[in-house]
Amino acid sequence: MGFLWDTESFHQIGISEYGEIAAEKIPFQKEVQEICEGNVCGNYGATWACPPAVGSFSECQKRCFSYPKALVFSTWYPLDDPFDLEGMQQGHRDFKEVCDRLWDFCKDRVPQRLLLSNEGCLRCKTCTYPLSPCRFPERLFPSLEGFGIYVPALAERAGIPYHHGELTVTYFGMLLYSTQNSIDS
Ligand code: SF4
């Protein structure tokens, strides 16, 4: 992977850890997407980045499997205590900026790409869903969980830690990519 990116560049972007797997090894579990229907996080039916807007379980799988490779990446953030909600929310916002920087970094390296990110989209104060199209479709990074991906197993397969201890929170993303010029969809 060295000709596409390197650890130093990723650290400048703000990525703590990363690992690459074949897209066919992504741990999909239908139950993960079904959990979204319980709307514990409040994002179900509230954004273009989450179910049901992202499509069915099989449609999400098909989108991912149209790319040969997946770069799994994560960033961890310190918390003041295990219930530091503000720290978790700030970490989540910071991680979205990491995703933006990675997206820009990869623009010329891997033109065919799809980025999935932890949980919903925070880009707009109020999401347009479902009344009108996404304001920033080129930067719409759907939810890993909303796609039905079991993130603990994803981290394990990529060879990176799922968490970094009690006083931390870790966010994950995944860049699906091809170095070819076209992707079957
Ligand atoms: S970019 Fe804005 S409109 Fe698009 S999914 Fe995110 S919040 Fe909604």
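**Exercise 1. List the residues that Leu 176 touches, leaving out residues up to four places away in sequence.**

Solution. The model is predicted. Contact here takes heavy atoms within 4.5 Å.
- Step 1: Start with Ala 23, Ile 26, Cys 64 and Tyr 67, which are among the residues touched by Leu 176.
- Step 2: Add Lys 69 and Ala 70.
- Step 3: Finish with Gln 112, Arg 113, Leu 114 and Leu 116.

**Exercise 2. Place Leu 176 in the largest nonpolar core and find which elements build this core.**

Solution.
- Step 1: The core holds 24 residues. Leu 176 ranks with Ile 26, Leu 116, Ile 149 and Met 174 as the residues with the most contacts inside it.
- Step 2: Two or more residues come from each of α3 (57-65), β2 (69-78), β3 (112-117), α5 (151-158) and β4 (168-178).
- Step 3: α5 supplies the largest share, four residues.
- Step 4: Another core, of 23 residues, lies apart from this one. Its members include Phe 10, Phe 95, Cys 99 and Phe 141.

**Exercise 3. Describe the largest pocket and its lining.**

Solution.
- Step 1: The pocket holds about 1000 Å³ of space.
- Step 2: It is lined by 47 residues, and Cys 41, His 92, Asn 118, Glu 119 and Glu 145 are the closest to its centre.
- Step 3: α2 (30-36), α4 (85-105), α5 and β4 each give two or more lining residues. β4 gives the most, with five.
- Step 4: Sort the lining by class: 25 nonpolar, 14 polar and eight charged.

**Exercise 4. Sort the lining of the second largest pocket by class.**

Solution.
- Step 1: The space is about 150 Å³.
- Step 2: Lining residues include Arg 93, Lys 96, Glu 97, Asp 100 and Phe 141.
- Step 3: The classes are three nonpolar, one polar and six charged.

Methods: Residues are numbered from 1 along each chain as its sequence is written. This is a predicted model: local features need pLDDT of at least 70, side-chain atom pairs count only at pLDDT 80 or more; totals for chains, interfaces and linings use all residues. Side-chain values use heavy atoms; hydrogens and water are left out. A nonpolar core is a set of buried Ala, Val, Leu, Ile, Met, Phe, Trp, Tyr and Cys residues joined through side-chain atoms within 4.5 Å. Buried means under 20% relative accessible area, exposed over 50%, partly exposed in between (1.4 Å probe, protein chains only). On a 1 Å grid over the protein atoms alone, a cavity is a set of points where a 1.4 Å probe fits but cannot get out, and a pocket is an open set with protein on both sides within 12 Å along at least five of seven lines; lining residues have an atom within 4 Å of a point. Grid points are joined across faces, edges and corners, and a volume is the space filled by probe spheres set on the points. Ala, Val, Leu, Ile, Met, Phe, Trp, Tyr, Cys and Pro count as nonpolar, Asp, Glu, Lys and Arg as charged, and the others, Gly among them, as polar.
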